[in-house]
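Colleague: I am new to this structure and would like a close look at one part of it. Could you take me through a single sheet and its surroundings, step by step?

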Amino acid sequence: MSKKEITITVNGTAHTASVEPRMLLTHFIRDVMRQTGTHVGCDTTSCGACTVSLEGQSVKSCTIFAVQADGKSIVTVEGLAQNGALHPIQEAFKEHHALQCGFCTPGMMLSAVGLLQRNPNPTEDEIRWGISGNLCRCTGYQNIVKAIQDAAGKMPKGVKL
Amino acid sequence: MSEITQVSLGGMGQSVRRKEDIRFIQGKGNYIEDIYLPNMLYGCFVRSPFAHAKINGINSAEALKVPGVVAVLTAKELAAHNLAWMPTLAGDTQAVLAGEKAVFQGQEVAYVIAENQYAAADGAEMVEVDYEELAPVVDPHQAMDKNAPLIRDDKKDQKNNHIFTWEAGDKAATDALFKNADVVISQKTEFQRVHPAPMETCGCVVNHNKITGQTDIYLTSQAPHAHRTVFALVAGLAEHKTRVIAPDIGGGFGNKVPVYPGYVLTAAASIVLGRPVKWIETRTENLQSTGFARDYHTQAELAATKDGKILAMRVNTLADHGAFNAQANPTKWPAGLYSICTGSYTMDNAYVKVDAVYTNKAPGGVAYRCSFRVTEAAYVIERAVDQLATKLKMDPAALREKNFIKSSQFPYKTVTGWEYDSGDYHKTMKLALDKIGYAELRKEQAEKRKKGELMGIGISFFTEIVGAGPRKQFDILGLSMNDGAEIRVHPTGSATVRLGVKSQGQGHETTFGQIVAEELGIPVEKITVEEGDTDTAPYGLGTYGSRSTPVAGGATALAARKVREKAKKIAAHLLEVSEQDVEWKNYKFQVKGVPGKVKTMAECAFAAYTNAPDGQEAGLEATFYYDPPNFTFPYGAYICVVDIDNKSGQFKIRRFLAVDDCGTIINPMVVEGQIHGGLTEGFAIATMQEIRYDAEGNNLNGSFMDYLLPTAVETPHWETDKTITPSPHHPIGAKGVGESPNVGSPQAIVNSVVDALSHLGVTNIDMPVTPWKIWQILKEKGVAE
């Protein structure tokens with residue numbers, strides 16, 4: 001199959017590669033870039049484990065072709081911590097026991113950050129709806145909601161993913 | 001010297017934040033799909049579209065022309081290596097690839113190996129299989145029909161679709177009690193086929209080195225050592241040259257206990273091709289072919305006196321095992337621990353019978369967040385007790401309290417032969433009833449009924465049996481269900497702990513460190529817990545059936561005590577007193593009666609490598625293999641309050657309270673997290689999940705679009721509380737908790753919905769309880785239009 005050369009900026013670093021047009025963005029991130037924090041949990045855009053931030057918007061990277069992200073910038077879980085300091089959402093997930101197996105966690109945190117960027121002070125209902133595209137099998141969400149509430153007041157000012 | 005305390009150590013009972021989280025929150029977990037080896041190939045399956053079909057031929061020629069495709073394996077190639085069939089954990093045989101016929105939709109028929117996963121999928125598309133459809137057997141009741149098509153004609157002595165009959169209790173004595181009872185209730189319930197569906201599917205990477213004969217198997221395995229032994233038995237691999245590495249696991253819930261054809265084929269492919277091969281299941285493959293759970297169809301009866309004393313229980317269950325008997329149960333217990341179905345109650349006798357059958361459905365019968373059919377057992381008794389309460393016009397809480405085993409009766413021998421270790425059921429029940437405001441809720445319900453509003457209160461009081469198991473009775477494929485722990489205390493006072501169990505999110509790296517911190521006075525942050533590598537960890541049967549804390553937790557505490565005994569000799573030497581004059585006090589060794597004369601574990605560790613007493617072996621480490629003397633029996637009182645819209649059947653769980661007693665608690669934060677998660681899975685089973693098949697045997701729930709996992713929106717807010725009744729026989733008194741909430745919750749939810757409709761004459765609704773089912777009932781009863 002013919003290939004196309006694309007450049008995608010991942011966590012601030014531009015990467016150029018020649019890929020098949022059918023390659024999913026998630027496979028570009030994982031298999032080409034070897035940033036393996038972005039996970040795949042289903043085949044149907046249901047689980048959200050592959051959520052990344054694309055030009056500031058949370059998207060499911062299993063449902064976008066890599067070529068669609070050509071020339072664009074994405075942030076994955078590996079890009080959340082800055083200068084050796086954890087992002088407030090990471091701190092909050094750890095503090096509130098908002099993860100168990102950790103598989104959904106990267107996508108869940110990226111969705112949460114997206115939500116808090118749109119709505120800095122969400123109600124519990126808004127949080128639950130805001131992460132409803134992300135499935136977790138371990139926690140029952142209660143501690144995830146708590147963590148997002150905690151992080152809401154601590155988001156870095158003026159910094160957007 | 002500053003005081004060492006339980007808090008400063010992060011010892012038992014402390015909500016220590018989890019050590020494993022620092023990598024997970026930064027995307028640095030190492031899951032199976034994250035394993036990339038140089039020169040690695042990818043495998044992809046061709047699967048049967050039919051539930052039952054003869055295979056007349058397979059043509060791989062076109063697939064082999066696809067760029068990137070390296071090889072195509074079929075049953076024919078496997079047969080040449082004696083790998084066409086593999087043993088299941090239940091002692092049956094399962095086709096690694098379908099040879100002469102396919103027996104369920106989604107069964108593995110051919111395996112395509114290619115340079116990347118896209119090419120492998122392209123190749124799989126091009127494999128031509130000539131199928132000839134056969135009549136499928138879908139309904140388990142139909143499977144018993146003498147005219148039903150024979151599914152397993154590959155087995156020489158198999159003349160029908162029956163697998164086994166298993167019985168417990170005393171039939172004659174039970175029948176006699178039923179004959180003379182004032183009141184008898186009979187209830188038919190279906191515990192539907194469900195799937196554990198962890199967020200990470202199953203998969204493996206196998207790297208066989210043709211020169212050295214070494215085989216490294218990276219595997220989503222809840223039981224790495226047991227799987228290594230199975231590989232040795234199935235594929236003839238030498239155990240000392242086979243290394244199973246279970247990396248971080250993205251949830252297991254029983255799905256990652258069995259050995260699947262994907263693992264065997266990937267190993268075979270690596271051995272044949274001499275290159276690493278990776279296989280990662282898609283979600284559809286996961287839901288359609290690996291490890292389903294439940295599928296128990298039950299007629300349960302209770303006999304009682306007219307004032308509500310339960311006399312006897314009779315249970316007849318038909319178990320649908322799918323096309324291969326591949327359930328995960330201890331060898332001598334084909335229906336697992338199902339005879340725990342007498343629950344939390346005293347009775348004079350019981351009789352339990354299970355018949356298992358083959359059908360043209362995916363194989364499995366795993367213990368999905370459950371200790372070997374205990375969820376099915378808890379469901380049966382707790383639904384039946386509710387129906388008995390309705391029949392007797394008794395309050396379901398009062399009926400339960402009347403029949404509870406009393407705290408003074410423990411250890412309590414049940415009529416089916418189990419010895420419950422400890423409990424105070426009345427205390428736990430009272431706490432739950434008080435906390436939920438039970439009496440007020442009943443008043444509210446009565447008032448609402450007058451107004452035509454629907455509200456229900458459902459109770460489940462379950463007793464589990466976990467921690468398999470004592471080796472005198474329990475093995476899997478002959479392997480004793482014991483587990484090892486190894487502790488090495490290093491010269492500078494830190495420690496490494498290695499275990500034969502394997503966390504899938506339960507937080508072992510933290511909680512097992514806390515046990516050692518408590519026993520040895522070493523701060524938890526100075527303890528590394530390692531699991532999942534058979535080259536380094538002591539042997540163990542793995543994590544499932546809530547057995548980690550009951551079995552490996554015991555091993556860990558006892559290994560630590562061996563270390564402490566040795567350190568005590570060193571302390572005596574350093575303190576220049578005899579060993580008898582040294583005591584372990586406030587996490588230090590102290591000369592008896594002289595609080596100032598102390599040595600810490602760190603000081604003893606240093607001396608163990610620098611200044612050991614004459615005649616004593618240097619070093620400070622120990623290994624212990626624990627054989628539990630009995631099971632542990634966690635229990636709990638769960639109460640669900642539900643409101644139902646009387647026009648649409650929509651329902652909302654207003655409150656759900658879980659009061660658990662899992663004995664001694666190692667980390668309250670982790671325990672609460674386990675309970676939240678298990679309740680959510682129980683809620684999913686009770687209200688939305690079912691793996692269904694149509695009449696042709698087509699799986700109707702092969703993706704998360706139609707096999708539903710609850711999101712944060714549907715999931716209720718969970719309230720939790722606890723009582724603590726330690727297990728008297730366990731080294732730290734802990735009973736295990738991971739599965740309690742999944743075992744205890746489905747029937748609390750079903751009971752609440754049935755309770756809301758009981759005045760309409762409703763006595764049962766099978767799971768999943770959906771608004772559609774409720775609306776149909778409301779319509780039939782003339783409540784809804």
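Modeller: Two strands are said to pair if DSSP finds at least two bridges between them, and the elements themselves are DSSP runs numbered from the N terminus, with helices being H or I of at least four residues and strands E of at least two. This is a predicted model, in which local features need pLDDT of at least 70, side-chain atom pairs count only at pLDDT 80 or more, and totals for chains, interfaces and linings use all residues. Residues are numbered from 1 along each chain as its sequence is written, while chains are lettered from A and ligands numbered from 1 in the order in which they are written.

The part I would choose is in chain B, where three strands form an open sheet in the order β27-β28-β29 with antiparallel pairing. At its edges stand β27 (582-585) and β29 (594-599) of chain B, each of which pairs on one side only. On average, neighbouring strands of this sheet are turned by 45° against each other, direction ignored; here axes are lines fitted to C-alpha atoms, for helices over the stretch in contact, and angles run from 0 to 180 degrees between N-to-C directions. Looking at one pairing in detail, β27(B) is joined by four bridges to strand β28 (residues 588-591) of chain B, and the two run antiparallel. Within this pairing, B:Glu583 stands opposite B:Gln590 of β28(B).

Across β27, β28 and β29 of chain B lies helix α16 (residues 548-575) of chain B, which runs at about 120° to β27(B); two residues count as in contact if their C-beta atoms, placed from the backbone, lie within 7 Å.

The same helix leads on to the wider setting. Chain B is assigned domain 1 (6-28 + 483-626), domain 2 (32-134 + 201-249 + 256-289) and domain 3 (292-468 + 630-780), with bounds that come from an automatic or database domain assignment. Between the C-alpha centres of domain 1 and domain 3 of chain B there are 37 Å, and the contact between these two takes 22 residues from domain 1 of chain B and 23 residues from domain 3 of chain B. On the side of domain 1 of chain B that touches domain 3 of chain B, the elements giving two or more residues are α15 (508-520) and α16 of chain B, and α16(B) gives the most, with seven residues.
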